[in-house]
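The following exercises concern helix packing and ring contacts. Each task is followed by a worked solution.

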Amino acid sequence: PPGPDACALLAPLAEDPRAPLELAFPAALGLAAARDPRGAPRLLDALRRPDDRARALEALAVLGPAAPPAAVRAADKIARGWLVSAVMRVRAAYALARMSPETGLPLLDALARKTSPAVQDAVADARAALAALAARDPSH
């Protein structure tokens, strides 16, 4: 992840509403990799773009509890969406489990009951990632 000096350069770009998307979104991803929430508004915007949604969810997951409350609400909406692919719903539930375990873990449990092997595999992968993360860093 970027260090403090790099984050100091990325933050103004991610926070500038006039910055081009092709620069601001990667800046927000970089900030999230450093667990710096200053790019969260750009990540929230990216949730509305199908091509960027998965990366934005992953970045918000990295922020964990430092993600803004709006991120929890947005990921919850995706995880419960009727018109959202089941695998994307699992990604959103995983992000929720990182940001707000009390919200995301029950959604992963519900998704695990789906009969689709792809969904069951995605849930198993999400749970394995959560377990590995907890073993490595109990605070996240």
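The exercises below treat a predicted model.

**Exercise 1.** Determine how helix α6 and helix α7 are oriented towards each other, and list the residues that form their contact.

*Solution.* Step 1: α6 spans residues 86-99 and α7 spans residues 101-112. Their axes lie 6 Å apart, and the packing angle is about 150 degrees.
Step 2: Angles over 145 degrees count as roughly antiparallel, and α6 and α7 are therefore roughly antiparallel to each other.
Step 3: The crossing of α6 past α7 is left-handed.
Step 4: On the α6 side, the contact is made by R89, V90, A93, Y94, L96, A97 and M99; α7 contributes P101, T103, G104, L105, L107, L108 and L111.
Step 5: Sorted by class, the contact of α6 with α7 comprises 11 nonpolar, two polar and one charged residues.

**Exercise 2.** Establish the orientation of helix α4 and α6, and describe the residues at their contact.

*Solution.* Step 1: α4 covers residues 53-63, and its axis runs 8 Å from that of α6, at a packing angle of about 20 degrees.
Step 2: Angles under 35 degrees count as roughly parallel, and therefore α4 and α6 are roughly parallel to each other.
Step 3: α4 and α6 form a left-handed crossing.
Step 4: From α4, the residues R53, A54, L57, E58, L60, A61 and V62 meet M88, R91, A92, Y94, A95, R98 and M99 of α6.
Step 5: The class count for the contact of α4 with α6 is 10 nonpolar, no polar and four charged residues.

**Exercise 3.** Characterise the packing of α6 and helix α8.

*Solution.* Step 1: The axes of α6 and α8 (residues 117-136) come within 9 Å and cross at roughly 20 degrees.
Step 2: This angle makes α6 roughly parallel to α8.
Step 3: The crossing of α6 past α8 is right-handed.
Step 4: A86, V90, Y94, A97 and R98 of α6 meet V119, A122, V123, A126, A129, L130 and L133 of α8.
Step 5: By class, the contact of α6 with α8 has 11 nonpolar residues, no polar ones and one charged one.

**Exercise 4.** How many aromatic pairs does the structure hold, and which residue lies over the face of F25?

*Solution.* Step 1: Ring centres must lie within 6.5 Å to pair; the structure holds zero aromatic pairs.
Step 2: R49 lies over the face of F25, 5.4 Å from the ring centre.

Technical notes. Residues are numbered from 1 along each chain as its sequence is written. This is a predicted model: local features need pLDDT of at least 70, side-chain atom pairs count only at pLDDT 80 or more; totals for chains, interfaces and linings use all residues. Side-chain values use heavy atoms; hydrogens and water are left out. Axes are lines fitted to C-alpha atoms, for helices over the stretch in contact, and angles run from 0 to 180 degrees between N-to-C directions. Helices (H or I, at least four residues) and strands (E, at least two) are DSSP runs, numbered from the N terminus. Angles under 35 degrees count as roughly parallel, over 145 as roughly antiparallel, 65 to 115 as roughly perpendicular and the rest as oblique. A crossing is left-handed if the near helix is turned anticlockwise from the far one by less than a right angle, and right-handed if clockwise. Contact means heavy atoms within 4.5 Å. Ala, Val, Leu, Ile, Met, Phe, Trp, Tyr, Cys and Pro count as nonpolar, Asp, Glu, Lys and Arg as charged, and the others, Gly among them, as polar. Rings of Phe, Tyr and Trp (its six-membered ring) pair if their centres lie within 6.5 Å; planes under 30 degrees apart count as stacked, over 60 as edge-to-face and the rest as tilted. A charge sits over a ring if NZ of Lys or CZ of Arg is within 6 Å of the ring centre and within 35 degrees of the ring normal.
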